[in-house]
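Reader: I'd like to learn how to read the overall features of a protein model. Can you walk me through one?

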Amino acid sequence: MHILIFGASGHVGTGLAQQLCSDHRITGIVRSAPAGEVPYAPVVLPEWVERPKSVVERLAEAGLPPVDAVIAAIGGWYVDRPVLERGLTAFDEDYGSYLRGHFSACAASEALASGRMRGGESGGRITHLALNGVASVEPLPGSGAISVFGAAQKMLIEVAAAESTSVDFRELRIMAPIGGDDRNDLTGGVETITLAEVAAAATAVLHSPDRFDVSTEIGADD
C-alpha cells in the first residue's frame with residue numbers, strides 16, 4: 001500500500017511512518033526538507049495548504065505510484081492562556097495550523113482519487129484517515145483552540161464522508177496522550193497510548209474502511 005502522510009515531520013507523523021514503513025511505501029508531504037534521515041520519502045511542498053492540487057502534480061513529477069491511502073496527522077499540542085485571552089491573531093494562527101490544513105488535506109485526497117479513476121487503476125477509491133484527539137470532544141482549558149478546531153474537524157470529516165463518491169473519509173480519535181511526546185502533561189499517572197497501537201488502529205481502518213464508522217476512538221485501555 002502506498003500511504004501519503006500529511007504532517008509527516010511531526011512527532012506523530014514521523015512515528016507512524018516509522019511503524020508503517022516496513023510493510024508499506026510511505027511518502028510524506030513536508031513544508032521543508034528534513035535535516036536528517038527519515039522513515040518516509042519526503043516531498044517538499046511549502047504551499048500545499050494554499051494549493052492542495054499541487055500535491056497531485058508533484059507526486060506525478062516525482063514518478064511515484066498512485067496513492068492508496070492518506071493519513072492527515074496535522075496540528076500539534078500546547079497549553080497556554082485561556083483561549084479568549086490569547087486573542088484573535090493567535091486564534092487565526094491556530095485555524096491555519098489545524099482546520100485549514102485538514103480541509104486542504106481532504107481536498108488533496110479528492111484530487112488524488114480523481115487521478116486514480118482517470119488512470120483506470122483498479123479500485124479507484126482511496127481512504128483518507130484524519131487523526132484527532134480527546135480535545136475534540138472535551139473542552140480542555142489552556143488548549144481551547146485545539147478543542148474548537150478539533151470539534152470542527154470531526155464535522156468536516158463527517159460532511160466529507162457524506163458527500164464524497166471517491167474517497168472513504170474516516171477519523172481516528174486518540175483518547176489518550178501518545179507516549180514519547182514531551183509536550184504532554186503526565187502528572188498524576190496519566191496513561192498513554194503507544195505509536196505502535198495508533199499505527200495498528202490506523203492500518204485496520206485503511207485496509208477495511210467499510211468495517212468502521214466515520215469516527216472511531218481508541219484509548220489507553222484498547
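Author: Sure, and keep in mind that this is a predicted model. Let's begin with contacts: in the protein chain, residues 24 or more positions apart account for 65% of the contacts with a separation of 6 or more.

Reader: What radius of gyration does the protein chain have, and what would a compact globule have?

Author: The idea is to compare the value with what the residue count suggests. With 222 residues, a compact globule would come out near 17 Å, and the protein chain has 17 Å, so the two agree. Along the principal axes, the C-alpha atoms fill a box of roughly 50 × 40 × 35 Å.

Reader: Which elements make up the protein chain, and in what order do they run?

Author: You'll find 6 helices and 7 strands. Starting at the N terminus, they go β-α-β-β-α-β-α-α-β-α-β-α-β.

Reader: How many of the residues count as buried?

Author: Of the 222 residues, 47% do. As for the surface, the protein chain exposes about 10700 Å², with carbon and sulfur atoms supplying 53% of it.

Reader: And how far apart are the mean positions of the positive and negative charges?

Author: They sit 8 Å apart, taken over 16 positive and 29 negative charges.

Reader: How many disulfides are there?

Author: A disulfide is a covalent bond between the sulfur atoms of two cysteines. With a cut-off of 2.5 Å between the sulfur atoms, the count here is 0.

Reader: Is Cys-106 buried or exposed? And why does Cys-21 count as partly exposed?

Author: Cys-106 counts as buried because its relative accessibility is 6%, under the 20% cut-off. Cys-21 is at 32%, so Cys-21 counts as partly exposed.

Conventions. Residues numbered from 1 in each chain as written. Predicted model: local features only at pLDDT ≥ 70, side-chain atom pairs only at ≥ 80, totals over all residues. Heavy atoms only, no water. Helix = DSSP H or I, 4+ residues; strand = E, 2+ residues; numbered from the N terminus. Rg over C-alpha atoms; globule rule 2.2 N^0.38 Å. Buried < 20%, exposed > 50% of the residue type's maximum accessible area, 1.4 Å probe, protein only. Contact = heavy atoms within 4.5 Å. Areas by Shrake-Rupley, 256 points an atom, 1.4 Å probe, with all protein chains shown as cover. Lys, Arg positive; Asp, Glu negative; His and termini not counted. Charge placed at Lys NZ, Arg CZ, Asp CG, Glu CD.
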